[in-house]
Structure formats: C-alpha cells, structure tokens
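Thanks for sharing this one with me. Here are my notes, point by point, to read alongside the picture.

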Amino acid sequence: MSGAAAPLLGLVLAGGRSTRMRADKAALQYGGRSQLERAMALLAPHVAHAYVSVRADQGADPLRARFAQIPDSHENLGPIAGILAAQAHHPEAAWLVLACDLPLLDEMTLAHLVRSRAPERVATAYRSSHDGLPEPLCAIWEPRSAAPLAAYLARGRQCPRRFLLGADTRLIEEPNPGALDNINTPEEYKHAMSALLPEATAGPKQVTVQYYALLREQAGRRDETLVTHARTAAELYAELARRYPFSLAPEVLRVAINTEFREWTAPLRDGDAVVFIPPVAGG
Amino acid sequence: MFQFTRIPILPEQLRHSLADPACGGYAAFEGWVRDSNEGQRVRGLEYEAFEALGVREGERIIAEAIARFGVAHAACLHRIGPLAVGELAVWVGVSAVHRDEAFRACRYIIDEVKHRLPIWKKEHYVSGDSGWVNCERCAAVPAHEVAGETVPGPHVHEHA
C-alpha cells in the first residue's frame, strides 16, 4: 500500500431483511457468538474504525446498538444503500465492506484482501469461486468509487456486483475457496454450522452418487463414484452444483445416505451412497 | 405390502389378496393418469423411483396405517415407467372389520405415498413439451428475492 492510500474504515452490512432466512442473519449464532459480533471482530485488526450499516429503523436494536452505526439514507436499495451512506459519512476514507452472511469468512481471507489492496483502483475484490464475478460484499471500496457509484444508482441500477464488474476493480483469487459462501436460508445456516463441526471431517472420501429425474437429466448420468473433500451432504451438493447445471436449490431437495433419509448436515463417510431427492410427485 | 411394478396393475387380483373372513369392509383407491394438468393437455407420462428407499418408506407407511387405524390388511402398488392416459398409476387397498377404519387407512396411505415416497413424474404434453412435475417451476431461487438486478449463478446476496 502506498503512503497516499486513504485510511481504511470497516463496514458490516446488517440492514438486510433476511426474507429467505426468516430470522435476523446478524443475530445468528456461530460458536456462541452472533454473526455481527464475529464480523466486527474479524474487521477490527485491519481498520481504523468499524461501523455497522443499519436501516433507519434498526438503530435501537440491542445487538446493533453496541456498535457505531451508519443508518441508510435510502430505502429498499439493498447493499448499495449502506455503501453510499458510509461514503457520505466519511468521503475521505476507503471502506472495507463485509456482508453479514459470511459465517465461513476467515482471518486469512480478510488479511489477503487487505494486503492485495490497490488504492489507485476503484476497488479491490475477490473473484467469486462460484461464478467468476466480483464479490462486492467482501471488498475494499476506495474513495474514488463514490462518485461513479452514485451515478450508477442515478441511472437506476442497484447491483454492486455489476458495478464492480464494469469499474476499474482489482480482482483477486480466494486463498481459501468456500470462505465467502454466503447464507440466505435456514438450510444454508445448518450447512454452515455443520462445516464448523469437528466430527465432519474434510479428509478425502470416496462416495457414490445416484441421480434421479431432473437431476439425472441435468447431470447427464445415472450415477458416479467420486472422491470428495465435502464434509456433509450439503457440501457435496454444492460441489456437484458447480460441476452440473442443477436448477434445484438445496432447500427444495431432501437427501438420502445409504438408503435412508438424512439431514443435510449429516457428516459424509468413506463408502457412503448419496442420493439427492428432488420434489416428489407420486400418486 | 408395498411394491413398485412396471406392468399394468390388476386390481381384481389384488383385492383377493386382502380377503379375510373376519373383515366386513374393504376400501380401495385407484389413481389414474389424467389428460390434463395445470392447463396443459397431457398425452402420457413416466414415473421414476428411487426404488430401494421407496419400498422401505412405503412399507413404513403401510405399517403406520395398520397400527394407527387397526385395519387387518393393507397394500399399495405404484407403477413406474411410461404410462398412457387412463392407465392405473397407483392402487391402495385396505380390509378391516368395519368400513370406517378401512376408508381412513386407505386415505392415509395414498396421502403419505404422495408426500413421502421418492417417486418423480415427467409429463409429456400434447404441445410437445415435457416437464418434471413440482421441479420445473418455482424450484430455482426466485429472482425477486435478490437485491438489485438478477445475477447469474446460485451465489446471490441479499442485503445482509
């Protein structure tokens, strides 16, 4: 980082409505700590000061009231509202922006982002291991991004990912793929919890997978045997969904291991036979 | 008894297998292939099943019905493979001392079979289209839940 770099401040976006989770994502507990506390603690060593981005009506919420806040000045704009409000609050600063739904985010990933910062660019962001697009919500937004971002919004656009894609963004690779997997549903929350369980091991294991119905057509095969590092059935589905054009979200599927229905969080073992079960239609 | 079958179901034969001099009532349900679904004209369909788990779960449903309603005998057969309009897709039969428990057990079995068994139905429409029922619509993440514009791929952020 050059000496001319703008001071770095931290922003955790906690103003979402968590509609698919049906519970406040900022308050979800991981290892005895809320996700918001976890994100703030991860940010602290890297920034001069960290803030929580909130909706105007969330200021008194006890979880959020413990931290310095920046309320949104626009409603219903999604994450871009929080980023713009922070930039208006401290126009001279660069912002390390974090989503509040990244329970697997680790110290290494955050430190690598800060080390890779390019202050002369509009932003520094990870390239998603899922789709190759910029990850706007674990990224450093430089002061020079404020004017084009406001202009982008004035043109009626709201997607920070698309903005970064069209801007002079430095894109870097994730040192720990999976660390930026976000959670939006109760199923994904359980998956994230299970990924933090010690009994679900990340060692290589050989499993067989059988495909039925729509998944069989989309995988282009009836079955396969593969070696995976997936710890749970949920991780295995996520891995396969990167390889095949699966259109079914995990929350509409069930999973069977060794011919019995199991939880998505069930740990995978060597030799397991796994079947993902699309919505059924017997009778 | 729960079974899958690839050949036409013959209810008359199955009915005899439930006969019992102690029983005064028999109820059966037949599910037929209909010629339309959700506004589309259907010309035929195919059923696919994860048979090993389906038989286990089907046997559990039969045992639950017998225990819950106190019926004497219960059985269910489900077709798999291609079926034409009008064909018998699923059959449930129950015999019991009295009619009331026979009706209730029969209803329980067909309802549970529809909800729990790993069976999938692909409909072929007169239009030439086809689709897996309950899978092709509303299954992907709804675009209106994504903040801002729709971004390709499964990795979408709400305003966290």
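1. A word on terms before we look at the helices: two residues are in contact if their C-beta atoms, placed from the backbone, lie within 7 Å. Please also keep in mind throughout that this is a predicted model.

2. Let me start with that helix pair in chain A. On one side, I80(A), I83(A), L84(A) and Q87(A) of α3(A) meet A146(A), L149(A), A150(A) and L153(A) of α5(A). By kind, the residues of this contact of α3(A) with α5(A) split into seven nonpolar, one polar and no charged.

3. How are the two helices arranged? Helix α3(A) covers residues 79-89 and helix α5(A) covers residues 146-154; they pack at an angle of about 140°, and their axes are 11 Å apart. Angles over 145 degrees would count as roughly antiparallel, and α3(A) and α5(A) are therefore oblique to each other. Their crossing is left-handed.

4. Next, the sheet of chain A. Five strands make up an open sheet with mixed pairing, in the order β11-β10-β14-β12-β13. The edges are β11(A) (223-228) and β13(A) (260-262); each has a single partner strand, so one side of each is left without a neighbour in the sheet. On average, and with direction ignored, neighbouring strands here are turned by 35° against each other.

5. The pairings in that sheet are worth tracing one by one. As a reminder, strands of a sheet pair through backbone hydrogen bonds, either parallel or antiparallel. β10(A) and β11(A) run antiparallel and are joined by six bridges, with T208(A) opposite T225(A) in β11(A). Between β10(A) and β14(A) there are three bridges, and these strands run parallel; here V209(A) has V274(A) in β14(A) as its bridge partner. Finally, β12(A) (residues 254-257) pairs with β14(A) (residues 273-277) in the antiparallel sense over four bridges, and R254(A) stands opposite I277(A) in β14(A).

6. Which helix lies across this sheet's β10, β11, β12, β13 and β14? That is α9(A), residues 233-243, which runs at about 70° to β14(A).

7. Chain B has a sheet to look at too. Four strands form an open sheet in the order β1-β5-β7-β2 (chain B), again with mixed pairing. At its edges stand β1(B) (2-5) and β2(B) (25-32), each with a single partner strand, so one side of each lacks a neighbour in the sheet. From one strand to the next, the twist averages 10°.

8. Within this sheet, β1(B) and β5(B) (residues 73-79) run parallel and are joined by four bridges. If you want a position to check on screen, Q3(B) stands opposite L77(B) in β5(B).

9. Two helices of chain B go with the sheet. Helix α2(B) (residues 51-69) lies across β1(B) and β5(B), running at about 140° to β1(B). Helix α3(B) (residues 99-116) packs on the sheet and touches β2(B), β5(B) and β7(B) (88-96), its direction making about 150° with that of β7(B).

10. A last point, on confidence. The mean pLDDT of chain B is 87, and 85% of its residues reach 70 or more. Over residues 138-160 of chain B, however, the pLDDT is below 50, although this stretch has 62 contacts in the model beyond near neighbours in sequence. The model scores ipTM 0.83 and pTM 0.54.

Definitions and conventions: Residues are numbered from 1 along each chain as its sequence is written. Chains are lettered from A and ligands numbered from 1 in the order in which they are written. This is a predicted model: local features need pLDDT of at least 70, side-chain atom pairs count only at pLDDT 80 or more; totals for chains, interfaces and linings use all residues. pLDDT is the predictor's confidence in each residue, from 0 to 100. Two strands pair if DSSP finds at least two bridges between them. Axes are lines fitted to C-alpha atoms, for helices over the stretch in contact, and angles run from 0 to 180 degrees between N-to-C directions. Angles under 35 degrees count as roughly parallel, over 145 as roughly antiparallel, 65 to 115 as roughly perpendicular and the rest as oblique. A crossing is left-handed if the near helix is turned anticlockwise from the far one by less than a right angle, and right-handed if clockwise. Ala, Val, Leu, Ile, Met, Phe, Trp, Tyr, Cys and Pro count as nonpolar, Asp, Glu, Lys and Arg as charged, and the others, Gly among them, as polar.
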